[in-house]
Amino acid sequence: MSDSLFADASKRLERAMKYVSISEDALEYLKYPKASLNVSIPVRMDNGSLRIFQGYRVRYDDTRGPGKGGVRYHPNVSMDEVKSLAFWMTFKCAVLDLPFGGAKGGVTVNPKELSKLELERLTRGYIDAIADFIGPNIDIPAPDVYTNPTIMGWMMDQYNIISRSLNPGVVTGKPVTLGGSLGRDTATGSGAYYVIEAIMAKFDRLPHQTTVAVQGFGNAGSVVAELLAKAGYKVVAVSDSQGGIYAKKGLDIPSILHYKKSNPGIQAVYCQDTVCNIVEHEIITNEQLLALEVDILIPAALENQITEANVQDIKAKYIFEVANGPISSGADRILEDRGIYVVPDILVNAGGVTVSYFEWLQNRSGLYWELEEVEERLQKRMRKETEKIWQIADEFSISMRTAAYVHGLNRLGEALSAKGTRDYYVKK
């Protein structure tokens, strides 16, 4: 991970500044994270050896409410990455008008190399190290890359052991039987689907005439691919960390999902007669998928997948960022100049944190919603904020990304200014 990731993320604000009127005090607050924690996590491995893992948690801003953000387990996790993700979460929560600030956490580890017992020990050790830094009214972790409901359940349990109390709202994305919300596991993909539907309607694009490629067939990417295919979109390519497959006539997404659940990769799915219908297909790399001539490209993997090094290869007409920061700021400007329409991560993938908010509300009230109510509330909020950002983009003739940051800055600026600014303290 580049040391300049946070600097690159911060550049997103520069173009938005000229379209907002907020105090210098508010802008000064947003330059720096409120608190950062770097911890060492000792884990006794199954063979008796001891390994030390590095863990991180950053609470970037909590002006609008407790910090909120996921925890990722990945070999490339660093403080720079976690700080950047917490920065994006700050704006994501503001864009969706959630009563949260932005936070993020992570552990530098390849979880695929650990046994389930080692993974549990690592997870509990991480919470041991950051317990004083989090809480249902302070900072609320959630799932992210390579973390899941089971891991969140371990986190909640360990926090409860330390605090000697029951705090279901200390994390979100938990198993439903432990206080999780229905619909949380599919929320990021569902939210992205609602945004795509709303935006494509603006361009009068019919689903059956629209081709789609999805890079990253994980929790979010697989859900949005399935929903798009069900709606009639032609999903022609998907990929995961092992590589991808492409079929010009379209893929059988339900069959790929079935195969993915019991196999480590998706490349061989069309070679299994018992799993799906055989169609003409190609095995492709993630890089090749990005360069496909499709209508919609959905990067749903990791950061910096589209940079100045490969941006000229992009042929898609529309890009919806389901991953966090998949396009560098330099590439973003080139895509805009080329007329490629980009809808930003802080809107597109905000379904996850929105349903995390619903889960937190349910934990606090003790009243739990049916799946239909969760989905109805999610759809309403995603469509509402998409429309607001569309209107800002139209009013100022700016990109959807800049409009999203304008929208978030306005809300953050109002909250920060409510504490008192220079204009309040200095008599004129």
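1. Annotated binding site. In this predicted model, the positions to examine are Thr188 and Asn219, which the unreviewed UniProt entry annotates as "binding site". The two positions span 32 residues in sequence, yet no two of their C-alpha atoms are more than 8.1 Å apart, so they gather at one spot. The annotation comes from the UniProt record and may be inferred rather than shown by experiment.

2. Thr188. This residue belongs to helix 6, which covers residues 187–202. Leaving aside residues up to four places away in sequence, Thr188 touches Ala220, Val322, Val348, Asn349, Gly351 and Gly352.

3. Asn219. The other annotated residue lies in helix 7, residues 219–230. Is Asn219 buried or exposed? With a relative accessible area of 57%, Asn219 is exposed, because the cut-off for that class is over 50%.

4. Internal cavity. The structure holds one cavity of 30 Å³ or more, and about 30 Å³ of space lies in the largest cavity. Its lining consists of Gly183, Thr186, Ala187, Ser190, Val374, Glu375 and Leu378. Helix 6 and helix 13 (371–396) are the elements that give two or more residues to this lining. Of the contributors, helix 13 gives the most, with three residues. Helix 6 thus appears in two of the points of this note: it carries the annotated Thr188, and it also contributes to the cavity lining.

5. Asp240. A further residue for attention is Asp240, located in strand 7 (residues 234–240). Its relative accessibility is 6%, and Asp240 therefore counts as buried, the limit being under 20%. Which backbone atom does the side chain of Asp240 reach? The partner is the backbone nitrogen of Gln242, at 2.9 Å.

6. Confidence across the chain. The protein chain has an average pLDDT of 90, and 93% of the residues score at least 70. Where is confidence lowest, and where is it highest? The lowest value belongs to helix 15 (residues 422–425), with a mean of 70, and the highest to helix 4 (residues 116–130), at 98.

7. Residues 268–278. Over this stretch pLDDT stays under 50. The model nevertheless has 25 contacts for these residues beyond four places in sequence. Any reading of those contacts should be set beside the pLDDT of the stretch, which is under 50 throughout.

Note on methods: Residues are numbered from 1 along each chain as its sequence is written. This is a predicted model: local features need pLDDT of at least 70, side-chain atom pairs count only at pLDDT 80 or more; totals for chains, interfaces and linings use all residues. Side-chain values use heavy atoms; hydrogens and water are left out. pLDDT is the predictor's confidence in each residue, from 0 to 100. Helices (H or I, at least four residues) and strands (E, at least two) are DSSP runs, numbered from the N terminus. Contact means heavy atoms within 4.5 Å. Buried means under 20% relative accessible area, exposed over 50%, partly exposed in between (1.4 Å probe, protein chains only). A polar contact is a pair of N or O atoms within 3.5 Å; within protein, one must be able to donate a hydrogen and the other to accept it, and residues adjacent in sequence count only if both atoms are side-chain atoms. On a 1 Å grid over the protein atoms alone, a cavity is a set of points where a 1.4 Å probe fits but cannot get out, and a pocket is an open set with protein on both sides within 12 Å along at least five of seven lines; lining residues have an atom within 4 Å of a point. Grid points are joined across faces, edges and corners, and a volume is the space filled by probe spheres set on the points.
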